Amino acid sequence: MKKIVLTLLAVSGAVLAKKKMDESKAEQALWAEATDPVSK
């Protein structure tokens, strides 16, 4: 039973970490676009 709980905690932690990384990448892309010099 403890192994199942620990596995579920590890999986949920990994999912949360993945979401956080994806949000960070999206935020970084927005900033890169916003601060990109305008070339005409």
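The exercises below, each with a worked solution, concern a predicted model of a protein.

**Exercise 1. The overall form**

Determine how many helices and strands the protein has, and check whether the span of α1 agrees or disagrees with the expected one.

Solution. Begin with the secondary structure, which consists of one helix and zero strands. The helix, α1, covers residues 2–34. Next, take the 33 residues of α1 at 1.5 Å a residue, for which the expected span is 48 Å; the end C-alpha atoms of the helix are 48 Å apart, so the two values agree. Finally, turn to the whole C-alpha trace, which extends over about 65 × 10 × 5 Å along its principal axes.

**Exercise 2. Burial and surface**

Find what share of the residues of the protein count as buried, and state which residues make the nonpolar surface patch.

Solution. A residue is buried when its relative accessible area is under 20%. By that criterion 0% of the 40 residues of the protein are buried, and within α1 the count of buried residues is likewise zero, the helix being hardly covered. The exposed area of the protein comes to about 4100 Å², of which carbon and sulfur atoms supply 68%. A nonpolar patch of about 470 Å² on this surface is formed by Met1, Val5, Leu6 and Leu9. As a check on one member, Leu9 lies in helix α1 and has a relative accessibility of 54%, and therefore counts as exposed.

**Exercise 3. Charges and their pairing**

Establish how many salt bridges a search of the whole structure finds, which side chains meet in a salt bridge, and how the partners are placed along the helix.

Solution. The protein carries 7 positive and 5 negative charges, whose mean positions are 15 Å apart. Side chains of opposite charge can pair when their charged atoms come close. Searching the whole structure gives one salt bridge, and the side chains of Asp22 and Lys18 meet in such a contact, with an N to O distance of 3.1 Å. Because Asp22 and Lys18 are four residues apart in helix α1, about one helical turn separates them. In an α-helix, residues three or four places apart point the same way, since there are 3.6 residues a turn. As for accessibility, Asp22 is partly exposed at 37%, and Lys18 is also partly exposed, at 49%.

**Exercise 4. A lysine in the helix**

Decide whether Lys20 counts as buried or exposed, and give the separation of its C-alpha atom from that of Ala32.

Solution. Lys20, a residue of helix α1, has a relative accessibility of 60% and therefore counts as exposed. Ala32 is twelve residues from Lys20 along the chain, and their C-alpha atoms are separated by 18 Å.

Definitions and conventions: Residues numbered from 1 in each chain as written. Predicted model: local features only at pLDDT ≥ 70, side-chain atom pairs only at ≥ 80, totals over all residues. Heavy atoms only, no water. Patch = residues over 30% accessible without salt bridge, like charges linked within 9 Å, V, L, I, M, F, W, Y side chains within 5 Å. Areas by Shrake-Rupley, 256 points an atom, 1.4 Å probe, with all protein chains shown as cover. Salt bridge = Lys/Arg side-chain N within 4 Å of Asp/Glu carboxyl O. Helix = DSSP H or I, 4+ residues; strand = E, 2+ residues; numbered from the N terminus. Buried < 20%, exposed > 50% of the residue type's maximum accessible area, 1.4 Å probe, protein only. Lys, Arg positive; Asp, Glu negative; His and termini not counted. Charge placed at Lys NZ, Arg CZ, Asp CG, Glu CD. Expected span 1.5 Å × (residues − 1).
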